[in-house]
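Hi,

Here is the structure I said I would pass on to you. Have a look at it first, and then read my notes underneath.

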Amino acid sequence: MKFIKYLIVGILFGIVMSKSEAISWYRIQEMFRFQAFHMYGIIGVAVTVGAIGVAIIKKFKLRDVEGNPILFFPKNKSVARYLLGGIIFGLGWALSGACPGPMVVNIGYGFMSFGVVFLFSIFGTFLYGVIKEKLPH
Amino acid sequence: MLDFIMQPWPWWFSGLIISSVMFLLLFFGKSFGFSANLRTICSIGGAGKKVKFFDFDWKKQTWNLVFLVGAIIGGFITSEFLSYPDQAVAISENTIQDLEALGFAAPSSIQPAELFSIETLFTLKGFLILAFGGLLVGFGARYAGGCTSGHAISGIADLQVPSMIAVVGFFIGGLIMTFGIFPLIF
């Protein structure tokens, strides 16, 4: 039962991803061609409201439902891994039109082909784990 | 009201709901990062026995897998109950023309049949596109230490420089694919 809240938030995520059309390959193409404001508006509002909220959480040292402080951990400083990893991710994002969240939302929506995309994304993560030590980080 | 829900949601409303998803997870003591699930699934499959990267206590990520199941259900609920049937995505006229030049018909639903129909899946080219797309996303997300939810939303909301670098990378990769590789493969 303690997991039910994550199920509900996940359902909300699946609904907003599909209702916003962020799961659509067409919308991702439109974004990478800079031909509409739609995706930039979605991400822009989410980030702006998110940044204000995170600042408030930090300023007032807010706590989570269990009473623990909400902490933010700075990510390790580097350029190579974020830039190279980001580029590889972007290549796949534009090709399949989906990042990992929208892949599974698409499966639920009824596009079974995304099952293949998702399986290969798991395999991609596995490959990264195997050759991790050989890559610049 | 009902029509507002049944129509595609405007960007500002969608953005607000996505930030609430992030805040809800923060108040549950978790951080929003979807691609962590891919690593978790590798661990559950036993990859930790051979590869150290997958040898971690994945049970702490169970909540995220439950979130993933919720995301699937959310997609199902939307297609079954919260949208008008076969509503075409209203992308810009310029995008329609650019995609037509690559051999894609104007949208008649939310995904192009040229890529995601079952018939396409069983062609060599169709299968390879889906497979490579997924492979690059899964590899890149873990290499970059996160995907759109972890970097573009949570990371930038926390003003983290690494996340900004990652998002620059997402766009470099996306532009190379869209303008450099698409004309070669479509």
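**What I found**

Chain B has 10 helices and 0 strands. Here helices are DSSP runs of H or I with at least four residues, strands are runs of E with at least two, and both are numbered from the N terminus. Before you go further, please keep in mind that this is a predicted model: local features need pLDDT of at least 70, side-chain atom pairs count only at pLDDT 80 or more, and totals for chains, interfaces and linings use all residues. As for labels, residues are numbered from 1 along each chain as its sequence is written, while chains are lettered from A and ligands numbered from 1 in the order in which they are written.

**The two chains**

From the N terminus on, chain B reads α-α-α-α-α-α-α-α-α-α. Its C-alpha atoms fill a box of roughly 45 × 45 × 35 Å along the principal axes. Chain B has 186 residues, and 45% of them are buried. A residue counts as buried if 20 or more other C-beta atoms lie within 10 Å of its own, as exposed if 12 or fewer do, and as partly exposed in between, with C-beta atoms placed from the backbone.

Chain A comes to 6 helices and 0 strands, in the order α-α-α-α-α-α. The C-alpha trace of chain A spans about 45 × 40 × 40 Å along its principal axes, and 56% of its 137 residues count as buried.

What about contacts within each chain? Two residues are in contact if their C-beta atoms, placed from the backbone, lie within 7 Å. In chain A, residues 24 or more positions apart account for 45% of the contacts with a separation of 6 or more. For chain B, 45% of the contacts between residues at least 6 apart in sequence join residues at least 24 apart.

**Where the chains meet**

How many residues of chain B are in contact with chain A? There are 106 of them, and they contact 99 residues of chain A. Helix α8(B) brings the largest share of chain B's side, 17 residues. By class, that side has 73 nonpolar, 29 polar and 4 charged residues. (Ala, Val, Leu, Ile, Met, Phe, Trp, Tyr, Cys and Pro count as nonpolar, Asp, Glu, Lys and Arg as charged, and the others, Gly among them, as polar.)

The largest nonpolar core has 89 residues. By that I mean a set of buried Ala, Val, Leu, Ile, Met, Phe, Trp, Tyr and Cys residues joined through C-beta atoms within 7 Å. A:I88, A:F89, A:V117, B:M22, B:L136 and B:I153 touch the most other members. α4(A) gives the most to this core, with 10 residues. Leaving out residues up to four places away in sequence, A:I88 touches B:L136, B:F139, B:G140, B:Y143 and B:G173.

**A bent helix in chain B**

Have a look at α10(B), residues 161-185. This helix has 25 residues and reaches 34 Å from its first C-alpha to its last, close to the 36 Å expected (1.5 Å times one less than its number of residues). Where does α10(B) bend? The bend is at B:M177, by about 35°, taken as the angle between axes fitted to the seven residues ending there and the seven starting there.

Buried residues of α10(B) include B:G169, B:F170, B:G173 and B:M177. Their cover includes α2 (25-32) and α4 (80-96) of chain A, together with α8 (124-144) and α9 (148-157) of chain B.

**A few single residues**

Just before that helix, in the loop between α9 and α10 of chain B, you will find B:L159. Phi of B:L159 is near 55°, a positive value in a residue other than glycine. A:F34 also has a positive phi, of about 50°, although it is not a glycine. A:F34 is found in the loop between α2 and α3 (38-59) of chain A. Is A:F34 buried or exposed? It counts as exposed, because it has 12 C-beta neighbours inside 10 Å.

A:L7 lies in helix α1 (residues 4-19) of chain A, and it touches B:V66, B:V69 and B:G70, not counting residues up to four places away in sequence. B:F53 sits in the loop between α3 (36-44) and α4 (62-81) of chain B. With the same sequence neighbours left out, B:F53 touches A:G129 and A:K132.

Cheers
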